[in-house]
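Where do charged side chains pair up in a protein model, and what becomes of its cysteines? Please look over the sequence and the structure before reading on.

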Amino acid sequence: AEVKADRKQKKIDSFSGICRMTVRDAIEKYITTYESLLSPSTVRSYLSISRSSLKLIMDTDINDLTQEMIVQALMMDKKRVCYKTLKNIKSLLKSALNEYRCDFSFVVDFGKKTEKNKNKNEIIVPTEDEVKALLSVSKDTVMEIPIMLCACCGLRPCEISALQWRDFDFNNGTLAIIRDVVRDKNNKYVEKGTKSEAGTRVIRLFPQVLERMK
């Protein structure tokens with residue numbers, strides 16, 4: 001904590017003069033500066049935030065910002081987005097201000113999740129009969145293998161889309177998940193590493209899946 005506080009204080013001490021830019025300018029400049037260090041899907045998400053969020057303060061000069069203005073802008077977004085997106089909006093704003101207005105910080109407590117800002121898409125787990133029906137109607141189609149890998153192996157669509165034959169070890173009956181396919185800022189599909197260290201993994205395939213893959 002001391003090291004972190006010291007680092008922040010040094011940044012504030014070295015802050016040279018007033019940087020004149022709007023919140024929109026600061027966010028867009030931050031995205032451009034750190035784009036090469038961020039995942040394509042994160043860049044896409046940040047650009048979406050810059051277009052549709054924080055509307056109450058986007059055209060405000062960063063030097064005129066107040067705690068109250070930021071709270072009002074975030075609470076306005078809270079009415080229309082899910083909790084995770086709201087946290088991402090706050091995180092992006094905090095990062096941009098830390099870069100171009102490091103002498104200013106804000107604190108916002110969103111409180112508990114409400115029905116409005118819970119994840120909009122409720123996860124529905126299919127029954128065994130529904131999975132069997134899916135596998136039956138998809139048999140011998142292009143969707144059979146993806147559905148099988150999703151239902152029997154727990155793979156995400158972005159992981160299935162990134163699979164290559166060399167990821168399968170037919171001798172040992174395993175599959176290595178080492179990459180994802182996501183959309184970038186231009187809405188094109190690109191390959192990247194898995195989202196987290198835990199996402200990179202080797203799984204054992206069920207015999208029926210292994211046979212179908214062969």
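The paragraphs below take up the salt bridges and then the cysteines. The model is a predicted one, and the values given here should be read with that in mind.

Side chains of opposite charge can pair when their charged atoms come close. In this structure there are 13 salt bridges, and a few of them are followed here one at a time.

A good place to begin is helix 6, which covers residues 128-138 and contains both Glu-128 and Lys-132. These two residues are four apart, about one turn of the helix, and they form a salt bridge in which the closest N and O atoms are 3.3 Å from each other. As for their surroundings, Glu-128 counts as exposed because its relative accessibility is 58%, which lies over 50%, whereas Lys-132, at 49%, counts as partly exposed.

A second salt bridge joins the side chains of Asp-167 and Arg-179, with 2.7 Å from N to O. Asp-167 lies in the loop between helix 8 (157-161) and strand 1 (168-169), while Arg-179 belongs to strand 3 (residues 179-183), so the pair ties together parts that are 12 residues apart in sequence. Are these two partners buried or exposed? Asp-167 has a relative accessibility of 6% and therefore counts as buried, the cut-off being under 20%; Arg-179 is likewise buried, with a relative accessible area of 9%.

Further along the chain, the side chains of Glu-211 and Lys-214 also meet in a salt bridge, here with 3.9 Å from N to O, and both Glu-211 and Lys-214 are exposed. Salt bridges can also share partners, as they do where Asp-140, Glu-144 and Arg-212 are joined into one network.

The cysteines offer another view of the model. How many disulfides does the structure hold? The count is zero. Cys-150, for instance, is in no disulfide, and the nearest cysteine sulfur, which belongs to Cys-152, lies 9.3 Å away. Because a disulfide requires a pair of cysteine sulfur atoms within 2.5 Å, that separation does not qualify. With a relative accessible area of 38%, Cys-150 is partly exposed, whereas Cys-102 is buried, its relative accessible area being 2%.

Notes
Residues numbered from 1 in each chain as written. Predicted model: local features only at pLDDT ≥ 70, side-chain atom pairs only at ≥ 80, totals over all residues. Heavy atoms only, no water. Salt bridge = Lys/Arg side-chain N within 4 Å of Asp/Glu carboxyl O. Buried < 20%, exposed > 50% of the residue type's maximum accessible area, 1.4 Å probe, protein only.
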